[in-house]
Amino acid sequence: MMSLLQFIPGAGFHQKHLGFEWGPGDLLVYETNYKLQGIRPRSAGSPSVHVVRRDEDICSPILRKLFNESHLIFVGLQKIKEDVPSKNKKSQFVSISKNYRSVIRACMEELQQNAGKRSPDTHHVSILLAIELIWNLCEVLFIDAAPAGSLLLHLLDWVRLHKSDVDARAREVLQSDSPAQHQSYWDVPAGTQTLTEFDVKWRHWHEECDRCLQDNTFASNRHLETICKILVGDEDTLLEQRELLSTWYHFLVTRLLFTHPTIKPPDLHYYAQSSMNMFLGPRASPEPLDIILLSAFEFDLHQVIKDCSIALNNWWFVAHLTDLLDHCKLLQSHNLQCVSHIRSSYLSYMHVCVSLWQLAVDYFDHCPEFGRVYLELQIERVPLDTERKAIKVLRICEDRQMSEQVRSICKIMAKRALRNNRLGSALSWSIRAKDAAFATLISERFLQDYSNKGFFTDLDLLDNLGPAMLLSDRLTFLGKYREFHRLYGEKRFSEAARLLLSLMTAKIAPRSLWMTLLTDALPLLEQKEVIFSVDQTYELMSCLEELNSGTKDLNQTDQDEDIESTKTELLRLALARNLAMAIVKEGTIET
Amino acid sequence: MDPTAKYISQKISRTRWRPVPAGLLQQPEVFAAGSWDNESNRVSIWSLGDDDSDTDGEFDEEPRLLCDSEHDGDVTDLQFLDGDRLVSASSSGAVAILKLQPDCQALSLAHVWERAHRYSCDNAPCTAVVCRSPELVSVGEDGRVILYKADQTEVVRVIENADSSTIHAVTFLRTTEVLTVNSIGQLKMWDFRQQSDSPAQILSLTGDRVPLHCVDKHPNQQHIVATGGQDGMLCIWDVRQGNTPFSLIEAHSAEMWEVHFHPSNPNHLFTCSEDGSLLHWETTSGSDMSTLLQRGWNSRVVSHSGVPLAGEDDSVVSSWLAGDSSKNRLEATHMLPSQTLSVNSLDVLEQCLVCGTDGEAVYVHRQLPNFSI
């Protein structure tokens, strides 16, 4: 565990105690009201809050590539169907594991190219190296589950991949001997012979080497003698080549190569433990990486995961590896909680880089138990800077039937639109959320604007409401009312009249607006031509009376009352005149 | 052939090919990409490398970064004005002209109209911009349509309150006419020769008012226009003829972000969507797109390799107008190997296709499969 000492400029200026609070990726430091003892306080200034963030830049461009590429692999992995037979699945899992590793490798290479410029990158490179090493070993031992015979070859590849320069020299050492003796050696992977056949041949060869040593055949040439000793697997000789080998696991694999090429997986751990002890010597203590590798050789998967979580401080690795192992059905049930915990830790780690919220969604989807809940909480906190972003968030919610969140997001956007006077936008958000209450609010706004200005704004919207009109009663009224105005403007008076009347009789119009509607009827009543029929006039009259019979509004001033009664009188007069003319018209027989 | 993928560590909102000089019959090599949703957004210029390909025509070159420049706010749209000028639209409401130095060594800001789109007390994102040199038109969430000239510092004309809802996209129809689409599913035609601030024509679907997000005009026939919307439906309209679209195709299962006719071969259409797919639509019969439009077609979606992709919805066959189904077919092919996060943008020029996703990857096809001019 490293401890960091960081000087925060400006903190503690006022000689007050500082408090702090942990956040998901940062630390909040604030000044409290408590004075430090014995110090005279300076003048009270405004307290400040400091956000302290770790230098390690999770949002570094190269690491982001790692997150994005691995996300694609992760999603592909989740899609592998359960019913595929396990033989085919194994090769799929191995190839997925290789994909992950190639992503790690690409990331590492890029970091190494930039390594000179930024020191945190070198730190990342060494972590990625360790990760790839462990992952590769887990792939060989657990995912590919190489059986005896090919196990050693895979281990050879593994060691080779990670110690390429050493390998070159080792190859030199090996090549200096007769190639023929090695031919049969490399025949194993082709499967041209069974394990036992190979074993017999190998033992025969091994005995021959031994005999050469005993006979001092190579006594004249020390170099050749050393080689022969190596071939026989003499541990002391091998240990002498410590620099070439550089790590205990290289020593292990070399040792196995020359003493037990047909090693079986369960026997691995004995050799691993002893190799490590022999190589490291009595004084050196194993590093965390060594312990992890040793646990892997012991096939203790649980221990490997546990140690990785603690030692590596890299949730990306643990989360993805355990997910793959889980798919391979290698984790026992008591590990599943572990998986869940690991995944949520990865998510909170990703949370620090705010842009990655879309990646996180797929991980939340596959988080057992609490994934859905976390996602619901998380998605509501994504800042909605633009409509496009809000649309993307909504799509995520709608796809997962998160109706609460859909409603609340649409409401936020609609309110914002309303505040900026974008009534069409506000309406479109209400339509998406099927929010009748908000649609009513918007309609009220329109009607208010109309009564303030005397004309309708946003006619392009009102004239083209379409089926959206049915979302709320008030909205329907608004649409129809606008239609009335339009009909009037087009001089289609009888249709307009019919519509106006229906607005009142069908109770689409709110009571509060009846007076306005009746006033709108006045010009129609005053036309030379009779527009309202007798029946229609009677209905208008009854509407007027219904309106007047209602309880008086006590808040009305005297002036308002006067206006109201004048209006009523005018209407009554107009209606009466219209009635008279209508009766005459309808009574007249056309000749 | 699979496209080349390049992860560029920023979510990509727009990718655009740099125009090749006319008459040279070159394949495009340089494209611009704009980012969004980052703490600091950038417009970047990328090159595909040398055109001297190997004899077998394999291009394994990844795109490499030539230059980039910081951008204030999300890049909501990007268009090349000409070979060395780029117009960008920002979520801060600004419209900027960026100049690309010769040899693409640097990208610098030539001119910016700050707060071209705005609310009275807040910023309003500019949602789209279209160019026909030297004129530019931008539209935004504030419902304004603004006309600029590239060399003039003042805007030429503003149509205030052009729309009560957000205008999502705009395209030139004729030199003085533009077509806009908005979030209540309307297409509006604006004629700048007219003094009044009201649209010359309004078209919309008779059904639900589904927001429209993208629009593109047929390169040869001015009156044919394709739109895509929130429900992933691809609609083809004839703007001369009334109020309903000719064709309605269920193209995608989520918002369609961009639709493009191929500029030199309009029998090919490309769409990309929030559902993570990019589709290439082409007619399989001999007739060209416009005849097909009048007669109608059946459409069938096939995946790139002929095998259905995981998660693909089988019922993406359109409901369709009567047509001579045996002869007229419209086929769609998936252009990306697997389902990614949302494909936000695409651009197609000659034989090359470039697109950008929310998975921070750019995909480039240097040779569109089954494509002939």
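These exercises work through the chains, interface, salt bridges and voids of a predicted model.

**Exercise 1. Describe chain A by its secondary structure, burial and contacts.**

Step 1. Take the elements. Chain A holds 28 helices and three strands.

Step 2. Take the burial. The chain has 591 residues, and 47% of them are buried.

Step 3. Take the contacts with a separation of 6 or more. In chain A, 62% of these join residues 24 or more positions apart.

**Exercise 2. Characterise the interface of chain B and chain A.**

Step 1. Count the residues in contact. Chain B supplies 51 and chain A supplies 37.

Step 2. Find the area. About 3700 Å² is buried between the two chains. Carbon and sulfur atoms give 46% of that area.

Step 3. Find the residues of chain B that lose the most area to chain A. They are Tyr7(B), Ser164(B) and Arg209(B). Together they account for 18% of what the chain B side buries.

Step 4. Look for charge pairs. Six salt bridges cross the interface.

Step 5. Inspect a pair between the chains. Glu255(B) forms a salt bridge with Arg395(A). Their closest N and O atoms are 2.9 Å apart.

**Exercise 3. Which parts of chain A does the salt bridge of Lys411(A) and Asp435(A) tie together?**

Step 1. Recall the principle. Side chains of opposite charge can pair when their charged atoms come close.

Step 2. Check the distance. Between Lys411(A) and Asp435(A), N to O is 3.8 Å. The cut-off is 4 Å, so the pair qualifies as a salt bridge.

Step 3. Place the residues. Lys411(A) sits in helix α20 (residues 403-419) of chain A. Asp435(A) sits in the loop between α21 (423-433) and α22 (436-453) of chain A. The two parts are 24 residues apart in sequence, so the pair ties them together.

Step 4. Add the accessibility. Lys411(A) has 35% relative accessibility and counts as partly exposed. Asp435(A) has 11%, and buried means under 20%, so Asp435(A) is buried.

**Exercise 4. Analyse the salt bridge of Asp463(A) and Arg482(A), then place it in its network.**

Step 1. Check the distance. The side chains meet at 2.7 Å, N to O.

Step 2. Place the residues. Asp463(A) is in the loop between α23 (459-462) and α24 (473-489) of chain A. Arg482(A) is in helix α24 of chain A. The separation is 19 residues, and the pair links distant parts of the chain.

Step 3. Add the accessibility. Asp463(A) is partly exposed at 28%. Arg482(A) is buried at 11%.

Step 4. Extend the pair. A network of salt bridges links Asp463(A) and Arg482(A) with Arg486(A), Glu490(A), Arg492(A) and Glu495(A).

**Exercise 5. Are Lys149(B) and Glu135(B) buried, partly exposed or exposed?**

Step 1. Establish the pair. The two side chains form a salt bridge at 3.7 Å, N to O.

Step 2. Place the residues. Lys149(B) belongs to strand β12 (residues 145-149) of chain B, and Glu135(B) to strand β11 (residues 135-140) of chain B. They are 14 residues apart.

Step 3. Classify. Lys149(B) has 31% relative accessibility and is partly exposed. Glu135(B) has a relative accessible area of 22% and is partly exposed.

Step 4. Set the pair in context. Over all chains the count comes to 48 salt bridges.

**Exercise 6. Where does the largest cavity lie, and what lines it?**

Step 1. Start from the search. Rolling a probe the size of a water molecule over the atoms shows where empty space is left. The whole structure has eight cavities of 30 Å³ or more.

Step 2. Size the largest one. It holds about 180 Å³ of space.

Step 3. Read the lining. There are 15 lining residues. Closest to the centre are Thr386(A), Arg388(A), Thr76(B), Cys126(B) and Thr127(B).

Step 4. Assign elements. Those giving two or more residues are α19 (387-399) of chain A with β6 (75-82) and β10 (126-132) of chain B. The largest share, three residues, comes from α19(A).

Step 5. Sort by class. The lining has five nonpolar, six polar and four charged residues.

**Exercise 7. Describe the second largest pocket.**

Step 1. Size the pocket. Its volume is about 1200 Å³.

Step 2. Read the lining. Of 44 lining residues, the closest to the centre are Gln79(B), Asp216(B), His260(B), Pro263(B) and Asp347(B).

Step 3. Assign elements. Strands giving two or more residues include β2 (12-17), β14 (167-174) and β27 (343-349) of chain B.

Step 4. Sort by class. The count is 25 nonpolar, eight polar and eleven charged residues.

How values were computed: Residues numbered from 1 in each chain as written. Chains lettered and ligands numbered in written order. Predicted model: local features only at pLDDT ≥ 70, side-chain atom pairs only at ≥ 80, totals over all residues. Heavy atoms only, no water. 1 Å grid on protein atoms, 1.4 Å probe; cavity = no way out; pocket = protein on both sides within 12 Å on 5 of 7 lines; lining within 4 Å. Points joined across faces, edges and corners; volume = space filled by probe spheres on them. Helix = DSSP H or I, 4+ residues; strand = E, 2+ residues; numbered from the N terminus. Nonpolar A, V, L, I, M, F, W, Y, C, P; charged D, E, K, R; others polar. Buried < 20%, exposed > 50% of the residue type's maximum accessible area, 1.4 Å probe, protein only. Contact = heavy atoms within 4.5 Å. Buried area = accessible area lost by both parts, 1.4 Å probe.
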